[in-house]
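Reader: I'm new to reading protein structures, and I'd rather look hard at one part than skim everything. Could you pick a spot inside this one and walk me through what is packed around it?

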Amino acid sequence: MKTKQPYLKGKSVFIVSLLVIGITILTVYLTGTNYNRDLTSNLYLSLGIIATAIFLFMTYGLYSGIGLIDNFPKFRNFKSGDLLAHSGTGPTMEIPSVGDGIGGIVLSILLWIAMSILFVILLIVLEAVFWFSLFIILAMLYWIFFRALKLVFKKSKDTKGDIGISAAYSMTYTLLYVGWIFGVVYLTEIIK
C-alpha cells in the first residue's frame with residue numbers, strides 16, 4: 001500500500017521561521033545582558049542558533065519525506081504606478097509672510113496649527129508607507145525562503161527513511177544558505 005506524501009504549508013513554515021528568528025534574538029539579548037559580548041560574537045551566536053534550527057528542520061523533513069505547498073496569497077493584479085499619479089511636478093507651497101502686530105501673531109498661530117496638522121498627516125502617511133514596505137520585505141523573504149525549502153524538499157522522496165543522506169543534504173544546504181552570512185561577518189571582522 002502506497003502512503004501519501006505529507007505536506008507542510010508554506011505560510012506555516014514562514015511563520016515558524018519568524019518565531020525562530022524572534023526567539024533567537026530574544027535568547028541572544030537575554031544571554032548577552034549577563035556577558036559582555038561584542039556585536040560579532042552575538043552575530044555568530046545567533047547565526048549558529050538559526051543554522052542549527054534550519055539543519056534540524058531540513059534533516060527531519062528530508063528523513064520524513066515531507067513536501068511543501070505554496071499557500072501564500074498571490075499579488076498578480078498589482079500594477080506599479082497605481083498608487084501615485086506621475087504628473088511630473090510636485091506640489092508647491094509658498095509660505096505667506098506675516099506682518100507685525102496682533103494680525104501677524106494670530107496668523108502665525110494659525111499657520112503653526114496648520115503645519116502641525118500637516119506634519120501629523122505626513123507622519124500617518126509615512127507610517128503607512130513603512131508598514132507597506134515591511135510587508136513587501138516580508139513577502140520577498142517568504143518567497144526566497146519558500147523557494148529555498150521547496151528546492152530542498154524536492155529531494156525528500158530520495159532521502160525518506162535514510163538519516164545519513166538526509167543529514168548530508170541538510171548540511172550542504174545549511175552551509176549554502178547560512179554559510180555566506182558567516183563569511184560576510186568574518187570578512188567584516190578581518191577588514192575592521
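Author: Let's start with a word you'll need: a residue is buried when its relative accessible area is under 20%, exposed when that area is over 50%, and partly exposed in between, using a 1.4 Å probe and protein chains only. By that rule, 20% of the 192 residues in this protein are buried.

Before we zoom in, a bit of housekeeping. You're looking at a predicted model, where local features need pLDDT of at least 70 and side-chain atom pairs count only at pLDDT 80 or more, while totals for chains, interfaces and linings use all residues. Residues are numbered from 1 along each chain as its sequence is written, and side-chain values use heavy atoms, with hydrogens and water left out.

Now the layout. The protein has 5 helices and 2 strands (DSSP runs numbered from the N terminus: H or I with at least four residues for helices, E with at least two for strands). Follow the sequence and you'll meet them in the order β-α-α-β-α-α-α. Contacts here mean heavy atoms within 4.5 Å. Among the protein's contacts with a separation of 6 or more, 83% are between residues 24 or more positions apart.

The part I'd pick is the largest nonpolar core, which has 15 residues. (A nonpolar core is a set of buried Ala, Val, Leu, Ile, Met, Phe, Trp, Tyr and Cys residues joined through side-chain atoms within 4.5 Å.) M58, L68, L149, V152, F153 and V178 touch the most other members. Helices α2, α3 and α5 each give two or more residues to this core, and α2 brings the largest share, with 5 residues.

So where should you point your viewer? Try M58, which sits in helix α2. M58 has a relative accessible area of 0%, so it counts as buried. Skip its neighbours within four places in sequence, and M58 still touches L149, V152, F153, S170, Y173 and T174. Take L149 from that list: M58 and L149 are 91 residues apart in sequence, yet their C-alpha atoms are 8.0 Å apart in space.

Stay on helix α2 and slide along to G61. G61 is buried because its relative accessibility is 0%. Outside the four places on either side of it in sequence, G61 is in contact with I66, F153 and S156. You've met F153 already: M58 touches F153 too. G61 also has T159 in its surroundings, 9.4 Å away C-alpha to C-alpha, although 98 residues separate the two in sequence.

T159 gives us a handy bridge to S166, a residue of helix α5. With its sequence neighbours within four places set aside, S166 contacts T159, along with T59, L62 and Y63. S166 is another buried residue, since its relative accessible area is 0%.

Finish with A168, also found in helix α5. Is A168 buried or partly exposed? At 43% relative accessible area, A168 is partly exposed, whereas S166 is buried. The C-alpha atoms of A168 and F55 are 9.8 Å apart, with their positions 113 residues apart along the chain.
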